[in-house]
Amino acid sequence: MDFSFQDLSGTFSVADIAIAMTLSFVLSAMIGWVYRATHRNVSYSQSYVQTLVVLGMLISLIMLVVGSNIARAFALVGALSVVRFRNAIKETRDVGFIFLVMGIGMAVGTRFYLLGVVAAVAISLIVMVMHRFNWFHLNVRRQVVKVQVPSDEDFTATIQDVLIRHTDEFELVSMESIRGGALTELMYTVKIKKGGEPADLIAGLRERNHGQSVTVLTGYDQTDL
């Protein structure tokens with residue numbers, strides 16, 4: 001009995017479908033576990049990882065449907081062009097994982113099974129090694145400092161005196177009038193001196209801004225008084 005499907009894109013068997021779907025699932029799930037194991041920040045999303053797995057399988061299915069038929073490929077592009085995605089990508093590495101599962105799905109869907117397996121394993125190992133040894137880490141402590149001061153005086157020089165004592169370098173990023181003009185918010189990027197603490201900087205600034213709000217944003221947490 002012949003379990004083959006004949007269409008404009010060529011011939012593929014039930015075995016081809018089973019292999020493509022199973023292999024794309026296994027490889028995409030492996031990539032999902034790698035993503036989960038190497039994720040550092042608090043923006044982890046289970047839904048995103050599950051979407052990676054589904055996306056890998058979906059791309060594999062699309063490649064089976066398209067096959068070598070150029071007309072069908074263009075029709076698919078036209079159909080997908082009406083789709084709009086409004087969810088913002090939280091991290092740039094998330095985009096890389098999306099393209100990774102898409103590439104693996106394309107390889108499996110076009111029946112380059114060995115290429116898909118080798119590429120998925122090799123790239124996953126590279127990601128794990130970069131995570132394990134913290135490649136390309138830049139050990140620079142930079143913070144964003146927001147200081148609110150009364151608008152009836154010029155506090156710029158006073159605030160900068162405090163920053164000179166507590167930081168190696170600083171730069172004024174923005175100056176904004178808030179609360180109906182009653183306060184002015186100054187925003188700086190700073191590099192706190194070695195051995196210094198954000199709390200010391202906050203205490204120094206609060207002595208000069210008449211008890212108004214001072215916020216120090218770091219790469220990992222936020223201190224606000």
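These are my notebook entries on the fold, surface and nonpolar cores of a predicted model.

**Fold.** I began with the secondary structure and found seven helices and seven strands in the protein. Following the chain along its sequence, I wrote the pattern down as β-β-α-α-α-α-α-β-α-β-β-α-β-β. I then looked up the contacts between residues at least 6 apart in sequence, and noted that 69% of them join residues at least 24 apart.

**Burial and surface.** Next I checked how much of the protein is buried, and the computed share came to 32% of the 225 residues. The exposed area is about 14200 Å², of which carbon and sulfur atoms supply 62%.

**The largest core.** I turned to the largest nonpolar core, which holds 22 residues, and listed the members that touch the most other members: Leu-27, Ile-31, Tyr-48, Phe-97, Ile-104 and Val-108. Tracing where this core comes from, I found that α1 (14-38), α2 (46-66), α4 (92-109) and α5 (113-132) each supply at least two of its residues, and that the largest share, nine residues, belongs to α2.

**One residue within it.** Which residues is Ile-31 in contact with, once its neighbours within four places in sequence are left aside? I recorded Phe-97, Leu-100, Val-101, Ile-104 and Ser-124. Of these partners of Ile-31, Phe-97 and Ile-104 also appear in my list of the core members that touch the most others.

**A second core.** Finally, I noted that another core, of 16 residues, lies apart from the largest one, and that Val-145, Leu-201, Ile-202 and Leu-205 are among its members.

Notes:
Residues are numbered from 1 along each chain as its sequence is written. This is a predicted model: local features need pLDDT of at least 70, side-chain atom pairs count only at pLDDT 80 or more; totals for chains, interfaces and linings use all residues. Side-chain values use heavy atoms; hydrogens and water are left out. Helices (H or I, at least four residues) and strands (E, at least two) are DSSP runs, numbered from the N terminus. Buried means under 20% relative accessible area, exposed over 50%, partly exposed in between (1.4 Å probe, protein chains only). Contact means heavy atoms within 4.5 Å. Accessible areas come from the Shrake-Rupley method with a 1.4 Å probe; for residues, only the protein chains shown count as cover. A nonpolar core is a set of buried Ala, Val, Leu, Ile, Met, Phe, Trp, Tyr and Cys residues joined through side-chain atoms within 4.5 Å.
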